[in-house]
Amino acid sequence: IGVGTEGTGVPLGPLDVRTVNQGSNQFPSVIASYDATHYWTLSSVNVNTNPDLYFIPNSKTFSAATMTLQVGGNAGFGTLATNPAYGIDVIGAGAFPAARFQGGANSYVDVSDGTRTLRSQIQTVPVFGSSTNHDFDLISNNTSRMSVLAAGGLYLAEGTATRLTAQ
């Protein structure tokens, strides 16, 4: 275990507690290492006003953080995760899969406001829609273009909404 202040940048031991310099400021940090080139830095910036926690692989530079937990509750994941704007914010550069949710049979992901729930689920076929007794809209340009009503009706919007019925 190494305990001390900023030095050569090489972790002092498998667990190293020190301050990390960022410009003229020093911030408390914990460095967990395998060796001098394979380590994680856990550090906080502006500990007096905004103690966000940064997880930084093989570096002590905050802009290299791949996970950030903000004091206000937002969590950022990805290669550009230093300033998450949402509760869970996956941010990266270039084309890459942003998120993956994998589970067993009938696994699902719900997004809810406590009353209405949008569900994406894998059953015998993939399903997507409202899992509560509420209408479900498909939108483009932030405007509803098609509605599946909770009772089963289907509306298409082209100027005035038109109800489609099975024939």
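Biologist: How many helices and how many strands are there in the protein?

Modeller: There are 0 helices and 15 strands. Both are DSSP runs numbered from the N terminus: H or I over at least four residues for a helix, E over at least two for a strand. Bear in mind that this is a predicted model, where local features need pLDDT of at least 70, side-chain atom pairs need 80 or more, and totals for chains, interfaces and linings use all residues. Residues are numbered from 1 along each chain as its sequence is written, and side-chain values use heavy atoms, with hydrogens and water left out.

Biologist: What makes Phe128 and Phe136 an aromatic pair that is edge-to-face?

Modeller: Rings of Phe, Tyr and Trp (its six-membered ring) pair if their centres lie within 6.5 Å; planes under 30 degrees apart are stacked, over 60 edge-to-face, the rest tilted. Here the centres are 5.7 Å apart and the planes meet at 80°, so the pair passes on distance and lands in the edge-to-face class. The count by this rule is 1 aromatic pair.

Biologist: And why is Phe128 called exposed, and Phe136 buried?

Modeller: Buried means under 20% relative accessible area, exposed over 50%, partly exposed in between (1.4 Å probe, protein chains only). Phe128 has 52%, so it's exposed; Phe136 has 15%, so that one is buried. Ser44, in strand β4 (residues 38–45), counts as buried too, at 10%. Across the 167 residues of the protein, 23% are buried.

Biologist: How do you know that Arg119 lies over the face of Tyr108?

Modeller: The rule wants NZ of Lys or CZ of Arg within 6 Å of the ring centre and within 35 degrees of the ring normal. Arg119 sits at 3.7 Å from the ring centre of Tyr108 and is listed as lying over its face.

Biologist: What makes β9 and β10 paired strands?

Modeller: Two strands pair if DSSP finds at least two bridges between them. β9 and β10 (residues 117–122) have 5 and run antiparallel, so they qualify. Val109, for one, stands opposite Ser120 in β10.

Biologist: Which order do the strands of that open sheet have, and why do β9 and β11 count as edges?

Modeller: The order is β9-β10-β11, 3 strands with antiparallel pairing. β9 (108–112) and β11 (126–130) each have a single partner strand, so one side of each lacks a neighbour in the sheet. In general, strands of a sheet pair through backbone hydrogen bonds, either parallel or antiparallel.
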